[in-house]
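Student: Got a minute to go through this model with me? I'd like to start with a turn and work outwards.

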Amino acid sequence: VNELLGKYEQNFMPKETMKEIKHDVASLLHATKDVSKYKWNLKGLRDICPGIGPSTFSAIFALVETGKTAFLVSTIFGPDGFLNQGAKVMMLGNEEPVEMTGLRAVGSFTGMTKEEIADDPLKAHNQWDVYASQCVFLNTEDVSSMEELDIALAKHKPDILGIDQLDKMQIGGNHARDDIRLGEIYRTARTLSKKHQCAIIGVSQANAEADGRTVLRFTQMAGARVGKAAEADLIIGIGKETEQGGSDNWLRHLYVSKNKLGGRHGTCTTVIKPEISRYID
C-alpha cells in the first residue's frame, strides 16, 4: 500500500485505467444518440429541448405553490409521458408523503381527480395497473442520503428517477457553507446518473427574487451561487404571474436557462390543471 501511495504521489497512473474513446464519426454519433431518448410530453418544451436520456441530470425549480411536483408527475405519468414511452420510473419523495405523490401519479395518468378516484377506484385501478409494475415509489425515511440512493438505484435500475426535493437529501462530509453542501449533492446526482445510466430529475426551490416573474434563470435557484447550476445538464425554471387579489390564472412559463442537451434556450407557456396534476400546451 505504501508503495502504491508513493507512486500516486509521483503522478503515477496505472495503464489499465486509461481508456481512449473511439472518435470516428459513427462512434461519436452512437455514443450521443440516446441523449433525448425520452421525449417531453409538452410540445412547447420539446421544441426547445427534445427530451432526456440515460446519464442526463436535469433540475426543475420554482417558488412554493407553483406546481413543481405537478410538473414532475405530469411529465412522467401524464399522457405521452415517460411512463407511456416505456421507461421504468422511480419516484423519491420528501416534500409530501410519497403515497400522496403516488395518488397524484394515478390522477395524472388516468385524468381522474382525487374525488373521482375515491368514487370509482376500480376504474382507476384497471387503467393504472397496466403500467404499475414499471413504477417504484420510495420516501426518504428509507432513502435519506445520496449514499443510500446509490444503493436504491443499483437495486431497482430505473430509466428515470424523479427526486422531490433534491435539496433535502443528506450527504456525508463536512461543508463550510450550505451552498457547498448543495453543490456536492448536485455533483453526486450527476455522478449517479452516469454510473447507473439513469436520467435524474431533481426538484428544487427558487429564491425570493423569483416572486411574480415568468422567466426564472438558474441564478434564482435557492442557495444557488453557481455550485448547483454547474452540475446540471438541463435547468428549467417554472414561473407564474402575480394576479391582483392573489388569484391564479393557471398559466405557467417554463424557461430553459441551461441546456447542454439540445443547445437552445427559451420559454414556453403552458396551463396547469392541479386537480389532476397535469401540464398541457
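**Hairpins, sheet, helix, pocket**

Tutor: Sure. This is a predicted model. S10 and S11 form a hairpin with 4 residues between the strands, and Ser277 there has a positive phi near 50°.

Student: How many bridges join S10 to S11, and which way do they run?

Tutor: There are 3 bridges, and the two strands run antiparallel. S11 covers residues 278-280. Across the pair, Lys273 stands opposite Arg278 in S11.

Student: And what about S9 and S10, how many residues sit between them?

Tutor: That hairpin has 6 residues between its strands. Gly263, in the turn, has a positive phi of about 90°. S9 spans residues 251-259 and pairs with S10 in the antiparallel sense over 6 bridges.

Student: Which residues in S10 do Arg252 and Leu254 stand opposite?

Tutor: Arg252 stands opposite Thr270. Leu254 stands opposite Cys268.

Student: Which residues of S10 are on the covered face, and which on the uncovered one?

Tutor: Gly266, Cys268, Thr270 and Ile272 make up the covered face. Thr267, Thr269, Val271 and Lys273 are on the uncovered face. In a regular strand, side chains alternate between the two faces of the sheet. So Thr270, opposite Arg252, belongs to the covered set, while Lys273, opposite Arg278, belongs to the uncovered set.

Student: Zooming out, what is the strand order in the open sheet?

Tutor: The order is S5-S4-S6-S7-S3-S8-S9-S10-S11, which makes 9 strands with mixed pairing. S5 and S11 are the edge strands, each pairing on one side only. On average, neighbouring strands are turned by 25° against each other, direction ignored.

Student: Which strands does H4 lie across?

Tutor: H4 lies across S3, S4, S5, S6, S7, S8, S9, S10 and S11. Its direction is about 165° to S4.

Student: Switching to H5. What span should it have, and how far apart are its ends?

Tutor: H5 has 13 residues, 98-110. At 1.5 Å a residue, the expected span is 18 Å, and the end C-alpha atoms are 18 Å apart, so the two agree. Gly111 follows H5, with a positive phi near 80°.

Student: Which H5 residues are buried, and what covers them?

Tutor: The buried ones are Val98, Thr101, Gly102, Ala105, Val106, Gly107, Ser108, Phe109 and Thr110. Their cover includes helices H4, H6 and H7, plus strands S4, S5 and S11. S11 is the edge strand we met in the hairpin with S10.

Student: How much space lies in the largest pocket?

Tutor: About 500 Å³. Its lining has 29 residues, and Gly67, Thr69, Ala70, Glu96 and Arg104 lie nearest the centre.

Student: Which helix gives the largest share of that lining?

Tutor: H5, with 4 residues. H4, H5 and H6 each supply at least two.

Student: Last one. Where is Gln220 found, and why does it count as buried?

Tutor: Gln220 is in the loop between S7 and H10. Its relative accessibility is 5%, so Gln220 counts as buried, the cut-off being under 20%.

Student: What does Gln220 touch, leaving out residues up to four places away in sequence?

Tutor: Gln220 touches Phe61, Ala206, Asn207, Glu209, Ala210, Arg213 and Val215.

Notes: Residues numbered from 1 in each chain as written. Predicted model: local features only at pLDDT ≥ 70, side-chain atom pairs only at ≥ 80, totals over all residues. Heavy atoms only, no water. Buried < 20%, exposed > 50% of the residue type's maximum accessible area, 1.4 Å probe, protein only. Pairing = 2+ DSSP bridges. Expected span 1.5 Å × (residues − 1). Contact = heavy atoms within 4.5 Å. Axes fitted to C-alpha atoms, helices over the stretch in contact; angles between N-to-C directions. 1 Å grid on protein atoms, 1.4 Å probe; cavity = no way out; pocket = protein on both sides within 12 Å on 5 of 7 lines; lining within 4 Å. Points joined across faces, edges and corners; volume = space filled by probe spheres on them.
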